[in-house]
Amino acid sequence: MSAMAQTTLRQGRVGQSQHNIRSVSKPHASQLSSVTTVRPRTQLRQQKSGKRNPDHTREVLLQAAFDEIHRHGFQAASVDAILARTGVTKGALYHHFPTKTQLGYAVIEEVIRQRILQRWGHVLQEPEDPLAHLIQKLRYEAQHSWSLAALQVGCPVNNLANEMSPIDEGFRQRIEQVFQDWRSIIARMIEQDAEPAMCART
C-alpha cells in the first residue's frame, strides 16, 4: 500500500472515531426529556420543605385542640378529629406534643391563658375608670364575642377545672394559674379605680 493510501486510511479511522465520541457524549432526546422532568420535581420537593413552618403547625394544632376540648371535654376529645380538621399527620402532632396530656397542658398555657391575658389585660392600660371599661367589655363580649354554640358548651376554663383538676395535678396547677392571672387583673382594675378617690380624700 502506498504512503498516500495509508495516510487516507488513517484519516478515515480518526474521523470515524471522532464521530463515535460525539455520538456518545451528546445525549439522546429521550435522555434530555427524562433529566428535565426529574429536576423540577426535585426543586418542588425542596421548595415544599423550605415552606414548612413548625410554629404555624403548632398553632393550628392548638386551636383545633382547643375547639375539640371545649366541645367534648378533654377525656372525650378525639386526636383523630383534630388531625382530620387540620390535615396534619399524626407524626407531626406527636413531634410537637408527645402525649395527649401534653397537648392539653399546652392548650391551657398557650391558648386559654393567653386569650385571657390579651382580652382583659389591656383594660389595665386605660387611663381613666378601668372598671367602667371592664363593664363595657363584659357587655360587648356577651353580645358579640361568643357564638350561641360556644355559650351552650360553657366556659372552657371552668369545664376543664371541673373535669380534670380532681384527677390530674398538672391540669390543676395550670388551671389555677389561669384563675390567679384573672383575679390579679380584676384586682388591679379595682385598685386603679380606687386610687383617684383616695387621692381626692387626701
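Here are some friendly notes on this predicted model, going from the overall fold to a few residues worth a look.

1. Overall make-up. The protein chain contains 10 helices and zero strands, so reading along the sequence simply gives the pattern α-α-α-α-α-α-α-α-α-α. Of its 202 residues, 25% are buried. The chain exposes about 14000 Å², and carbon and sulfur atoms supply 54% of that area. Among contacts with a separation of 6 or more, 65% are between residues 24 or more positions apart.

2. The largest nonpolar core. This core has 33 residues, and Ile112, Leu160 and Phe171 are the members that touch the most others. The elements giving two or more residues to the core are α3 (54-72), α4 (79-86), α6, α9 (156-164) and α10. Helix α6 provides the largest share, nine residues. As background, nonpolar side chains in soluble globular proteins tend to be buried together.

3. A closer look at isoleucine 112. Which residues does isoleucine 112 contact, once neighbours within four places in sequence are left aside? The list is Phe66, Val107, Pro156, Val157, Leu160 and Val178. Leu160 is also one of the residues that touch the most other core members.

4. The aromatic pair of tyrosine 105 and phenylalanine 171. Two aromatic pairs turn up in a search of the whole structure. In one of them, tyrosine 105 and phenylalanine 171 meet edge-to-face, with 5.1 Å from centre to centre and 65° between the planes. Tyrosine 105 belongs to helix α6 (residues 100-121) and phenylalanine 171 to helix α10 (residues 169-201), so this pair ties together parts that are 66 residues apart in sequence. Are the two residues buried or exposed? Both tyrosine 105 and phenylalanine 171 are buried.

5. A cluster with charges over its rings. Phe74, Tyr105 and Phe171 make up one aromatic cluster. The charged end of arginine 174 sits over the ring of tyrosine 105, at 3.9 Å from the ring centre. Over the ring of phenylalanine 74 sits the charged end of lysine 100, at 5.0 Å from the centre.

6. More on lysine 100. Lysine 100 is found in helix α6. With a relative accessibility of 26%, lysine 100 counts as partly exposed, because it falls between the 20% limit for buried and the 50% limit for exposed. The C-alpha atoms of lysine 100 and phenylalanine 74 are separated by 9.0 Å, and the two residues are 26 residues apart along the chain. Not counting residues up to four places away in sequence, lysine 100 touches Phe74, Gln75, Ala77 and Val79.

7. Helix α3 and its cover. The 19 residues of α3 should span 27 Å at 1.5 Å a residue, and the end C-alpha atoms are indeed 27 Å apart, so the two values agree. The buried residues of α3 are Leu61, Leu62, Ala64, Ala65, Phe66, Glu68, Ile69 and His70. Their cover includes α4, α5 (90-96), α6, α8 (148-153) and α9.

8. A buried glutamate. Glutamate 68 has its place in helix α3. With a relative accessible area of 6%, glutamate 68 is under the 20% limit and therefore counts as buried. What does glutamate 68 contact, leaving aside neighbours within four places in sequence? The residues in contact with glutamate 68 are Gly73, Ala76, Ala77, Ser78, Ala81 and Ile82.

Terms used
Residues numbered from 1 in each chain as written. Predicted model: local features only at pLDDT ≥ 70, side-chain atom pairs only at ≥ 80, totals over all residues. Heavy atoms only, no water. Phe/Tyr/Trp six-rings, centres within 6.5 Å; stacked < 30°, edge-to-face > 60°. Helix = DSSP H or I, 4+ residues; strand = E, 2+ residues; numbered from the N terminus. Buried < 20%, exposed > 50% of the residue type's maximum accessible area, 1.4 Å probe, protein only. Lys NZ or Arg CZ within 6 Å of the ring centre and 35° of its normal. Core = buried A, V, L, I, M, F, W, Y, C linked by side-chain atoms within 4.5 Å. Contact = heavy atoms within 4.5 Å. Areas by Shrake-Rupley, 256 points an atom, 1.4 Å probe, with all protein chains shown as cover. Expected span 1.5 Å × (residues − 1).
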